[in-house]
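Let's take a walk through this one together, starting at the surface and working through the sheet and the charged pairs. Keep the 3D view open as you read.

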Amino acid sequence: MTLATSNAHTPQVEPGHDDPYRWLWLSEAEAEHYGARSTLRRYVNEGRFPTAEKVGRSWRVRKYDLDRLTRRAVPPSYDDVEAAASAVAGQAPAFSDEQVRALSKAFTEQLARRQAVGA
């Protein structure tokens, strides 16, 4: 992948590169017609891009999150799902003992069903 730099903080990816898992800076997403940078920044703040990542003062998002806005959905990778789940879990309040037991029971039952069918 060839990178050209328009300024020190915003590397540009060569046109035509269609990897759905690649990161795009908001300025790159704007250049690829996903919307105005201010709109994309608002979407980041609203949580519409679960894998958005702040690097310095700039934000970058996965292309599949941008594609999802235009109905060209690509499923996220396992690592992206794990990262999003960790972010949500990190903000959640602590579970009560009763909630822990209920979740444990649900997970155990799900695991038993999967093992029974060989999933």
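A good place to start is a greasy spot on the outside: Phe95, Val100, Leu103 and Phe107 make a nonpolar surface patch of about 410 Å². Bear in mind that what you are looking at is a predicted model. Within the patch, Phe95 sits in the loop between α4 (78–91) and α5 (97–117). Is Phe95 buried or exposed? With a relative accessible area of 53%, Phe95 counts as exposed, because the cut-off for exposed is over 50%.

Now zoom out to the whole chain. The protein has five helices and five strands, and reading from the N terminus the elements go β-β-β-α-α-β-β-α-α-α. Of its 119 residues, 19% are buried. The accessible surface adds up to about 8600 Å², and carbon and sulfur atoms account for 54% of that area. As for how the chain folds back on itself, take the contacts between residues at least 6 apart in sequence: 43% of them join residues at least 24 apart.

Next, the sheet. Strands of a sheet pair through backbone hydrogen bonds, and the pairing can be parallel or antiparallel. Here, three strands form an open sheet in the order β3-β5-β4, with antiparallel pairing. That puts β3 and β4 at the edges with a single partner strand each, so one side of each has no neighbour in the sheet. On average, neighbouring strands of this sheet are turned by 35° against each other, ignoring direction.

Let's go through the two pairings in turn. Strand β3 (residues 23–25) is joined to strand β5 (residues 58–62) by three bridges, and the two run antiparallel. If you want a landmark there, find Trp23, which stands opposite Arg62 in β5. On the other side, strand β4 (residues 53–55) is also joined to β5 by three bridges, again running antiparallel. Val55 has Ser58 in β5 as its bridge partner. β4 and β5 form a hairpin with two residues between them, and Gly56 in the turn has a positive phi of about 65°.

A positive phi turns up elsewhere too, and there the residue is not a glycine: His33 has a phi near 65°. Look for His33 in the loop between α1 (26–31) and α2 (37–46). The side of the story you can see on the surface view is that His33 is exposed, at 73% relative accessibility.

That leaves the charged side chains. Side chains of opposite charge can pair when their charged atoms come close. How many salt bridges does a search of the whole structure find? The search turns up seven. One of the salt bridges brings us back to the hairpin strands: the side chains of Arg60 and Glu53 meet at 2.4 Å, N to O. Arg60 is partly exposed, at 21% relative accessibility, and Glu53 is partly exposed as well, at 30%. Arg60 falls into that class because buried means under 20%.

Helix α3 (residues 63–69) holds the next pair, Lys63 and Asp67, which are four residues apart, or about one turn of the helix. They form a salt bridge, with their closest N and O atoms 3.1 Å apart. Are these two charged residues buried or exposed? Lys63 counts as buried, at 3% relative accessibility, and Asp67 counts as buried too, at 4%.

Stay in α3 for one more pair. Arg68 forms a salt bridge with Asp65, the closest N and O atoms being 3.6 Å apart. Three residues separate them along the helix, which means about one helical turn. Here the two partners fall into separate classes: Arg68 is partly exposed, with 37% relative accessibility, whereas Asp65 is buried, with a relative accessible area of 3%.

Finally, there is a group to pick out beyond these simple pairs: Arg42, Glu46 and Arg48 are linked in a network of salt bridges.

Conventions. Residues are numbered from 1 along each chain as its sequence is written. This is a predicted model: local features need pLDDT of at least 70, side-chain atom pairs count only at pLDDT 80 or more; totals for chains, interfaces and linings use all residues. Side-chain values use heavy atoms; hydrogens and water are left out. A salt bridge is a side-chain nitrogen of Lys or Arg within 4 Å of a carboxyl oxygen of Asp or Glu. Buried means under 20% relative accessible area, exposed over 50%, partly exposed in between (1.4 Å probe, protein chains only). Patches are made of residues with over 30% relative accessible area and no salt bridge: like charges are joined within 9 Å, nonpolar side chains (Val, Leu, Ile, Met, Phe, Trp, Tyr) within 5 Å. Accessible areas come from the Shrake-Rupley method with a 1.4 Å probe; for residues, only the protein chains shown count as cover. Contact means heavy atoms within 4.5 Å. Two strands pair if DSSP finds at least two bridges between them. Axes are lines fitted to C-alpha atoms, for helices over the stretch in contact, and angles run from 0 to 180 degrees between N-to-C directions.
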